[in-house]
Amino acid sequence: MDDEIQCAIGGCGAITGDFSFAAIFRSSVNGTTGSLISLNDNATTARVQFHKNASNQLSLDIAGSVSNSAFTVLTASGWHLVSVTKRAGTQTPRFMKYPYATGAYDSENGSAALGNPVAATSQVKFGHHTTADPDFLSGDLLVAGVWDRELLDPDEVNALAFSLHYWLGSAPRGLWLLDQDPVRLLTDMTGLGANEQARTGTAVATNHPVIFNRYGSIIRPSRQAAAAAAIGHRMALLGVGR
């Protein structure tokens, strides 16, 4: 990615209690810090940030207080679904990852309890969170979502790995599919208005990654069926590009 994409705050301005972030990405460089999703007041103030730290751990930062995963997300493992959820109050966040190369879902509590974030007033940002941070995300970001509730681990979080339909059907406050052309603006798929306002750099995807084949069809039908059964309802495939 090595870019910064800035969107309007849209429906993400009410993230002050329970919340979840999720993304599908692959890292291209180990040992570097890179922001996946941040909710900002402006270019210098991030209220809450989900990122990969220099130790290759997932990390949640709320007003400068940080909680990290013990597990790592490494370049050699390729594409990952990653997520963090946190309950309202001073609570320990929970981190999840699903590496597509192995299919080995993992989840664990973070290293520290964190308080509630202050509501962000202005921006959702991808790839880079504030002007004080010199580090951009090194890698590819395919999908990102924000929820104002705690997604269930493992049922709801794991299901996100298998189809874009689950993201759309889980009532996110913001949802972005970043597999786009260099000209078209990034659009919040929820319709709540967190659409692109500005971009630094133009290195966006020019092909469809193997995670979702043409925006919806998944690549592991047997695992998709298992995930649907775990949640207790049938999944409706988008049916595009099969």
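The following paragraphs lead through the confidence, the sheets, the aromatic pairs and the salt bridges of this structure.

The model is predicted. Its mean pLDDT is 81, and 76% of the residues reach 70 or more. Two stretches call for caution. Over residues 204-210 the pLDDT stays under 50, and the model has 14 contacts beyond four places in sequence for this stretch. Over residues 213-242 the pLDDT likewise stays under 50, and here the model has 59 contacts beyond four places in sequence. Where pLDDT is low, the predicted coordinates should not be read in detail.

The strands may be taken sheet by sheet. Strands of a sheet pair through backbone hydrogen bonds, either parallel or antiparallel. One open sheet has 7 strands in the order β6-β5-β4-β3-β10-β1-β13, with antiparallel pairing. At its edges stand β6 (65-72) and β13 (196-200); each has a single partner strand, so one side of each is left without a neighbour in the sheet. On average, and with direction ignored, neighbouring strands of this sheet are turned by 10° against each other. Within the sheet, strand β3 (residues 34-40) and strand β4 (residues 46-52) run antiparallel and are joined by 6 bridges. Ser 38 stands opposite Gln 49, a residue of β4.

Another open sheet has 6 strands, again with antiparallel pairing, in the order β9-β8-β7-β2-β11-β12. Its edge strands are β9 (106-109) and β12 (174-177), each of which pairs on one side only. The average turn between neighbouring strands of this sheet is 15°, direction ignored. Strand β11 (residues 139-147) pairs with β12 in the antiparallel sense over 4 bridges. Val 146 is the residue that stands opposite Gly 174 of β12.

The side chains add further links, beginning with the aromatic rings. A pair of aromatic rings is described by the distance of the centres and the angle of the planes. The structure holds 6 aromatic pairs. One of them joins Phe 19 and Phe 21, with 5.3 Å from centre to centre and 45° between the planes, a tilted arrangement. Phe 19 has 0% relative accessibility and therefore counts as buried. Phe 21 counts as buried because its relative accessibility is also 0%. The rings of Trp 147 and Trp 167 make a further pair: their centres are 5.8 Å apart and their planes stand at 40°, so this pair is tilted. Trp 147 lies in strand β11, whereas Trp 167 lies in helix α2 (residues 164-169), so the pair ties together parts that are 20 residues apart in sequence. Both Trp 147 and Trp 167 are buried. Phe 19 and Phe 21 also belong, together with Phe 50, to one aromatic cluster.

The charged residues come next. Side chains of opposite charge can pair when their charged atoms come close. The count of salt bridges comes to 6. In one of them Arg 26 meets Asp 140, with the closest N and O atoms 2.7 Å apart. Arg 26 lies in strand β2 (residues 19-27) and Asp 140 in strand β11, so this pair ties together parts that are 114 residues apart in sequence. With a relative accessibility of 35%, Arg 26 counts as partly exposed. Asp 140 is partly exposed as well, at a relative accessible area of 33%.

A salt bridge also forms between Asp 153 and Arg 94, whose closest N and O atoms are 2.5 Å apart. This pair links distant parts of the chain, 59 residues apart: Asp 153 lies in the loop between β11 and α1 (155-159), and Arg 94 lies in strand β8 (residues 94-99). Asp 153 counts as partly exposed because its relative accessibility is 28%. Arg 94, with a relative accessible area of 26%, is also partly exposed. Glu 156 and Arg 149 form a salt bridge through their side chains, at 2.8 Å from N to O. Arg 149 has 25% relative accessibility and so counts as partly exposed.

Taken together, strand β11 recurs through this account. It pairs with β12 in the antiparallel sense, holds Trp 147 of the tilted aromatic pair, and holds Asp 140, the partner of Arg 26 in strand β2.

How values were computed:
Residues numbered from 1 in each chain as written. Predicted model: local features only at pLDDT ≥ 70, side-chain atom pairs only at ≥ 80, totals over all residues. Heavy atoms only, no water. Pairing = 2+ DSSP bridges. Helix = DSSP H or I, 4+ residues; strand = E, 2+ residues; numbered from the N terminus. Axes fitted to C-alpha atoms, helices over the stretch in contact; angles between N-to-C directions. Phe/Tyr/Trp six-rings, centres within 6.5 Å; stacked < 30°, edge-to-face > 60°. Buried < 20%, exposed > 50% of the residue type's maximum accessible area, 1.4 Å probe, protein only. pLDDT = per-residue confidence, 0-100. Contact = heavy atoms within 4.5 Å. Salt bridge = Lys/Arg side-chain N within 4 Å of Asp/Glu carboxyl O.
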